[in-house]
Amino acid sequence: MSATDGPAVAAEDGPEEPALAADAPPAEWSDDDDWTDEALALLRSLRTPHRLNRVRQVAYALYCTVLILVVWGGVPSLGLFLQAAMGADYTGGGPALLAALPGGVAAVGLAVLLLAVRDGLWRGPVVPPRATIDWLLVHPVRPGPVLRPWFRLSCGLAVFPGIVASAGAMVVLGLTVRAGLPAALAWCLIGGTCLPLLGVCAALSVERSERAALLARRLAPYATVLVLGFAAQSALAAAGHSVHWLDRVVLWSGPWGWAGIAALAPTPAAVPGSGVAAALLIVSTGVCLVRADRAAGTVSLTLLRERARNAASVLAALRTVEPRAARLAVNAATGGDRRLKVRLPAPRRAWLVVYWRDTLALLRSPARLGRAVLLTVPALLCAVPAHAARWNVSLAATGLALVFGHLAVAQLLEPARIDTDDVRRASWTPFPFAGLMLRHAVVPAVLGALLGAAGSTVAVLCGAGPAAWLAPAAVPALVGAGLVNACRGAARRDLLYRPAQATGGGAGNIVAFAAWYATGPAVAVPLLALPFSAALRGGTVDSLGRAAAVGAVVAVGLFHWARVRAEKLPAQARPGRAG
């Protein structure tokens, strides 16, 4: 441990002893060795020629952001209010919105805190450039004045989306429940600003303390389940199955619920104690901000170097258009790749080895199984409004349900993706590579069908009709879509740099790359959405049979496509061949 880690150690490991202040230099430095003011003054003078350039860049980015918000948000909102002034009525969905607000705001608020904590596990709100860490902070300077501006910048960046979301909530409340716009904005801003700031403070605690990071890793799965529970409660309440006592419990369960109380304050469904909830949220946020600002200067150099390396790895993967590599880097840094020591009896027949390996790999990665189960819940919930809605709403809800279903089964296809990352890993098997890829789809298809059947059983017990059994019927096609994606090969960066005449410019290049990257679900979801939506609306045996038949045909086509793609991968991986 370096000498510059002294403040962090004193702040974390010695609470009973007199701790050093955040700005205090290590013990071996005297006051005469403190060059903080001189170093910062020198840096300011050296950066002066570049400061005007940076100000111009920031001003241009801010201008573009404001312009986009005005064009895509402000002008349509103004048009809606003008139509309401001329007699248009948007209050039809007001009661459902008010019923859904407690669970919905709690789900969003807890998700914001969870995402902030996850960011703190691998990056954190205090991540200065490598030059600052490796050069400036190893000299006799106090870390506080160097690190605190980065914490405050993270706070500002976190608050901005909250302000935008609060403005959107003001528009929705003003149109649907005729709430006063100034009051709606003021009450919504309480949650929109306080929750992101609390998230930044929690992320800083996770960044600087291994104990807090370990606690965050242990609680993250339970918090994720709670987010889905809040979302399910919100969806059921919007459908008319609200439980008032449960709503009150959720609203007073923590800061995520206090934000919901504040959002309900200017509406007819205001909850008693709105002022108390707002005061609790504001005071707790202020206290956490003061403590976090003081603690921002106590992050050790060892942790800062580690976080800077993590951020550089993820940024490098994103710059080379490798989202999977970036995701794997984040999982490795957050501890998302934890594996269990699970053993299964080895099969006696050679043809069972692939399925045995796939099952063992999934059992040793419980996080993937957990994510598959959790993503199945919103897939089933999104199918609920498709049953009685108009055809366009039903089609959109069915498509969203299929997207969540694809994400669920995609978690189970990791063994196939590992083999396609490096085709040399498949040298142990006697099967052709294309045949191996098709065998990799068996275990995900079986597990996905079991998840779909379990969800359908629960839905039928809750009163759903026979259309609920469409869930397992969609699994083979969704697995085929995931296998098509797994066999896509090396990233087609050439799609991003095609001439403007070929694709319509930069936006066309991005769309072309996104279409290539998500080819499987981009084909499967539209093909399945129409017959499955018709089956959900009709609920007859004929419509269910047609939807199941279409799903089987689409699955066969996708598996054939995946086989064709897989046959090309070994040749593309040879030296001198471009992917």
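Student: If a salt bridge is a side-chain nitrogen of Lys or Arg within 4 Å of a carboxyl oxygen of Asp or Glu, how many salt bridges does the count come to?

Tutor: The count comes to nine salt bridges by that rule. Before we look at some, note that this is a predicted model, where local features need pLDDT of at least 70, side-chain atom pairs need pLDDT 80 or more, and totals for chains, interfaces and linings use all residues. Residues are numbered from 1 along each chain as its sequence is written, and side-chain values use heavy atoms, without hydrogens and water.

Student: Cool. Which residue forms a salt bridge with Arg-148?

Tutor: Arg-148 pairs with Asp-293, and their closest N and O atoms are 3.9 Å apart. This pair links distant parts of the chain, since Arg-148 sits in helix H5 and Asp-293 in helix H10 (residues 274-295), 145 residues apart. Helices here are DSSP runs of H or I with at least four residues, strands are E runs of at least two, and both are numbered from the N terminus.

Student: And is Arg-148 buried or exposed?

Tutor: Arg-148 has a relative accessible area of 13%, so Arg-148 is buried. Here buried means under 20% relative accessible area, exposed over 50%, and partly exposed in between (1.4 Å probe, protein chains only). Asp-293 also counts as buried, because its relative accessibility is 19%.

Student: What else does Asp-293 form a salt bridge with?

Tutor: Asp-293 also meets Arg-152, with the closest N and O atoms 3.0 Å apart. Arg-152 lies in helix H5 as well, 141 residues from Asp-293 in helix H10, so this pair again links distant parts of the chain. With a relative accessible area of 48%, Arg-152 is partly exposed.

Student: Switching pairs: what joins the side chains of Asp-89 and Arg-178?

Tutor: Asp-89 and Arg-178 are joined by a salt bridge, at 3.9 Å from N to O.

Student: Where in the chain do Asp-89 and Arg-178 lie?

Tutor: Asp-89 is in the loop between helix H2 (36-85) and helix H3 (94-122), while Arg-178 is in the loop between helix H5 (143-176) and helix H6 (181-208), so the pair ties together parts that are 89 residues apart in sequence. Asp-89 counts as exposed because its relative accessibility is 54%. Arg-178 counts as exposed too, at 51%.

Student: Which residues are linked in a network of salt bridges?

Tutor: That would be Arg-324, Arg-368, Glu-414, Arg-417 and Asp-421.

Student: Let's zoom out. How many helices and strands does the secondary structure come to?

Tutor: The chain has 23 helices and zero strands. Its C-alpha trace spans about 85 × 70 × 55 Å along the principal axes. As for burial, 41% of the 579 residues count as buried.

Student: One last spot: where is Ala-454?

Tutor: Ala-454 belongs to helix H18 (residues 442-461). Its relative accessibility is 42%, so Ala-454 counts as partly exposed.

Student: How far apart in space are Ala-454 and Trp-469?

Tutor: From C-alpha to C-alpha, Ala-454 and Trp-469 are 9.7 Å apart in space, and in sequence they are 15 residues apart.
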